[in-house]
Amino acid sequence: MTHDIRGSSIRSVATTPCAIVPPFLLNRLARAEDPAVHEPARHTLALDAAQRVQRRLTAEIGPTAAPPRRAPGHPDRTVCDVEHRQELPGRRIRREGEADVPDTSVNHAYDGLGATFDFYLRTLSRSSIDGAGLPLDASVHFRRGYDNAFWDGEQMVFGDGDGRIFGDFTQSPDVIGHELTHGVTQYTANLAYAGQSGALNEHLSDVFGSLVEQYAKGETAEEASWLIGEELLRPGVQGVALRSMRAPGTAYDDDELGKDPQPAHMNDYVLTFADNGGVHSNSGIPNHAFYLAATRLGGHAWDRAGRIWYDVLTSGMLAGDADFASFARLTVDAAGTYGPQEHDAVLRAWDAVGVPTGV
């Protein structure tokens, strides 16, 4: 049975800001009794809604002039301080090649942009998120108590968190890699952000966000935590991260956050119209498939499993409204070009999560 609730509300990543904390979590926190929890969550939901409107208006007006670029192969980072306001990009604090500054959020953002650039260049021969040296811009200290980080189609934006549930969003390198990968998807397959294509959009960001961190740490697939947002949850929260690729549905179980709803198998696919058709929930299914393929192959996950997934993302064959089954078939076909071991590992991974490949 094919589960799909795609519909007329589909919008591309270029016009829909993609935030790391899903709306169902913020909605849950917005109903908490503690004002220190519900007030930042309600504020964040309102700001995220405003950003969605702003991005639609920007898309209707048209793209801005292309920014100047450095030669491909060299990062061009700029980090600004919004100073707890909303107008982007804010006051410029650190540019490419400049030394650390007293503001640790600025330094974390700068380093995270660099780690993502370095990963894509050195493992996949891609120069920045557009493949042509696009400058990487980020703004920190977005409003007060803002419980999210997002890619808005042009730059990264980070909140400081509420200090009670979430901490500073620049602290997690896989979050930065995740959000910048939404930009990679924007420049390649541009997967529609709803239903299964939207879950694939989130899945790809989780995959490459995790690989950015694994590459920076030199971890093998066996050594990696496979957690997304491991550094975000504050002490006292009953959880380890926002998501687990190793064991979807186990990242948290907390009185205020609730229980992680991610499924690991198609039998538990979440049918919902919330969160653009469950894009942050159902991404657990392909996430687990990637984890299974990568650990079966062993070694560094970016060497084989990551390259197979990247080949599909950039192949031109991945439709904007792709579902899990069509994506799985493409990864199996791509894996076959590497060898029988890769083909078998990817085929077994999709079978283990209940996604048909037609093989």
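**H141, a buried residue after strand 4.** H141 counts as buried because its relative accessibility is 12% (buried means under 20% relative accessible area, exposed over 50%, partly exposed in between, with a 1.4 Å probe and protein chains only). H141 sits in the loop between strand 4 and strand 5. The phi angle of H141 is positive, at about 60°, although this residue is not a glycine. Most residues other than glycine have a negative phi. The model is predicted: local features need pLDDT of at least 70, side-chain atom pairs count only at pLDDT 80 or more, and totals for chains, interfaces and linings use all residues. Residues are numbered from 1 along each chain as its sequence is written, and side-chain values use heavy atoms, with hydrogens and water left out.

**The open sheet and its edges.** The sheet contains 6 strands in the order 1-5-6-4-2-3, with mixed pairing. Strands (E, at least two residues) and helices (H or I, at least four) are DSSP runs, numbered from the N terminus. Two strands pair if DSSP finds at least two bridges between them. Strand 1 (18-19) and strand 3 (91-95) are the edge strands; each has a single partner strand, so one side of each is left without a neighbour in the sheet. Strands of a sheet pair through backbone hydrogen bonds, either parallel or antiparallel.

**Strand pairings around strand 4 and strand 6.** Strand 2 and strand 4 run parallel and are joined by 5 bridges; in this part of the sheet, C80 stands opposite S139 of strand 4. Strand 4 also pairs with strand 6, again in the parallel sense, over 2 bridges, and A138 has M156 of strand 6 as its bridge partner. Strand 5 (residues 149-151) pairs with strand 6 (residues 156-158) in the antiparallel sense over 3 bridges. F150 has V157 of strand 6 as its bridge partner. Strand 4 is mostly covered, with 4 of its 5 residues buried.

**D137 in strand 4.** Strand 4 spans residues 136-140 and includes D137. D137 counts as partly exposed because its relative accessibility is 31%. Beyond its neighbours within four places in sequence, D137 is in contact with T78, L113, Q155 and M156 (contact means heavy atoms within 4.5 Å). From C-alpha to C-alpha, D137 and P89 are 8.4 Å apart, with their positions 48 residues apart in sequence.

**Backbone exceptions in the loop between strand 2 and strand 3.** P89 lies in this loop, which follows strand 2 (77-81). The peptide bond joining L88 and P89 is cis, with omega of about 10°. Most peptide bonds are trans. E83 is also found in the loop between strand 2 and strand 3. E83 has a positive phi of about 60° without being a glycine. With a relative accessible area of 29%, E83 is partly exposed.

**Helix 5 against helix 8.** The axes of helix 5 (residues 195-217) and helix 8 (residues 305-313) come within 11 Å and cross at roughly 140°. Axes are lines fitted to C-alpha atoms, for helices over the stretch in contact, and angles run from 0 to 180 degrees between N-to-C directions. This angle makes helix 5 oblique to helix 8 (under 35 degrees counts as roughly parallel, over 145 as roughly antiparallel, 65 to 115 as roughly perpendicular and the rest as oblique). The crossing is left-handed, a term used if the near helix is turned anticlockwise from the far one by less than a right angle, clockwise being right-handed. Helix 5 contributes H203, L204, V207, F208 and L211 to the contact, and helix 8 contributes G306, W309, Y310 and L313. These residues divide into 7 nonpolar, 2 polar and no charged. Ala, Val, Leu, Ile, Met, Phe, Trp, Tyr, Cys and Pro count as nonpolar, Asp, Glu, Lys and Arg as charged, and the others, Gly among them, as polar.

**Surroundings of helix 8.** Helix 8 is largely enclosed by the rest of the structure because 7 of its 9 residues are buried. The buried residues are A305, G306, I308, W309, Y310, V312 and L313. Their cover includes helix 3 (104-124), helix 4 (173-187), helix 5, helix 7 (284-297), helix 9 and helix 10.

**Helix 9 against helix 10.** The axes of helix 9 (residues 324-336) and helix 10 (residues 340-352) come within 7 Å and cross at roughly 160°. Helix 9 is therefore roughly antiparallel to helix 10, and passes helix 10 in a left-handed crossing. On the helix 9 side, F327, A328, T331, V332, A335 and G336 meet E342, H343, V346, L347 and W350 of helix 10. The contact residues comprise 7 nonpolar, 3 polar and 1 charged.
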